[in-house]
Amino acid sequence: QVQLVESGGGSVQAGGSLRLSCAASGDIFRINAMSWHRQAPGKQRELVADIKNGGSTNYADSVKGRFTISRDSAQNTVYLQMNTLKPEDTAVYYCNADISRRGGLFRSNYWGQGTQVTVSS
């Protein structure tokens, strides 16, 4: 199977920065895409940013220019650098990976356990 382990969450004041990491391990043939999502209390989970196997990226309008997603393919790790954080960025952040296993026979989505990000004003 596959495991995603996230780290890097915490509490910061508005205007500060945090860097999230998500490492994938297990039966991995190919990582097709990795992404970060977030869920604030009482709200639906939303896509924050994603990065495809070829390196193309996509961001939610609310984080463009402030957040940067990157990937270390050799380490099967994705990062989310978050700058100029705002109180409205407060949420649980989840890593997601689209992974092919068993030589490419199976393809599934996997979620990390989530990491809390709290931004105070």
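**Strands, a sheet and a disulfide**

Me: In E8, what is the bridge partner of serine 70?
Reply: This is a predicted model, so let's start with one pair of strands in it. E7 and strand E8 (residues 77–82) run antiparallel, with six bridges joining them. Serine 70 falls in E7, which covers 67–72. Its bridge partner in E8 is tyrosine 79.

Me: In what order do the four strands of the open sheet come?
Reply: Two of them sit on the edges: E1 (2–7) and E7 (67–72) each pair on one side only. From one strand to the next, the twist averages 15°. The pairing is antiparallel, and the order is E1-E3-E8-E7.

Me: Okay, zooming out: how many strands does the protein have?
Reply: Follow the chain from the N terminus and the elements read β-β-β-β-β-β-β-β-β-β-β. There isn't a helix to be found: the count of helices is zero, and the count of strands is 11.

Me: Which cysteine does the disulfide join to cysteine 22?
Reply: The structure holds one disulfide. Cysteine 22 lies in strand E3 (residues 18–26), and the other half lies in strand E9 (residues 91–101), 73 residues apart, so the pair links distant parts of the chain. The S to S distance is 2.1 Å, and the partner is cysteine 95.

Me: Is the disulfide of cysteine 22 and cysteine 95 left-handed or right-handed?
Reply: Look at the torsion about the S-S bond, which is about -80°. Because of that value, the disulfide is left-handed.

Me: Are cysteine 22 and cysteine 95 buried or exposed?
Reply: The cut-off to know is that buried means under 20% relative accessible area. Cysteine 22 has 0% relative accessibility. Cysteine 95 also comes out at 0%. So cysteine 22 counts as buried, and cysteine 95 is likewise buried.

Me: What radius of gyration does the protein have, and what would a compact globule have?
Reply: Along the principal axes, the C-alpha atoms fill a box of roughly 50 × 25 × 25 Å. For 121 residues, a compact globule would come out near 14 Å. The protein agrees with that, because its own radius of gyration is 14 Å.

Me: What share of the residues counts as buried?
Reply: On the outside, the protein exposes about 6200 Å², and carbon and sulfur atoms supply 45% of that. Now for the residues themselves: of the 121 in the protein, the buried share is 42%.

Definitions and conventions:
Residues are numbered from 1 along each chain as its sequence is written. This is a predicted model: local features need pLDDT of at least 70, side-chain atom pairs count only at pLDDT 80 or more; totals for chains, interfaces and linings use all residues. Side-chain values use heavy atoms; hydrogens and water are left out. Two strands pair if DSSP finds at least two bridges between them. Helices (H or I, at least four residues) and strands (E, at least two) are DSSP runs, numbered from the N terminus. Axes are lines fitted to C-alpha atoms, for helices over the stretch in contact, and angles run from 0 to 180 degrees between N-to-C directions. The radius of gyration is taken over C-alpha atoms; the globule rule is 2.2 Å times the number of residues to the power 0.38. Buried means under 20% relative accessible area, exposed over 50%, partly exposed in between (1.4 Å probe, protein chains only). Accessible areas come from the Shrake-Rupley method with a 1.4 Å probe; for residues, only the protein chains shown count as cover. A disulfide is a pair of cysteine sulfur atoms within 2.5 Å.
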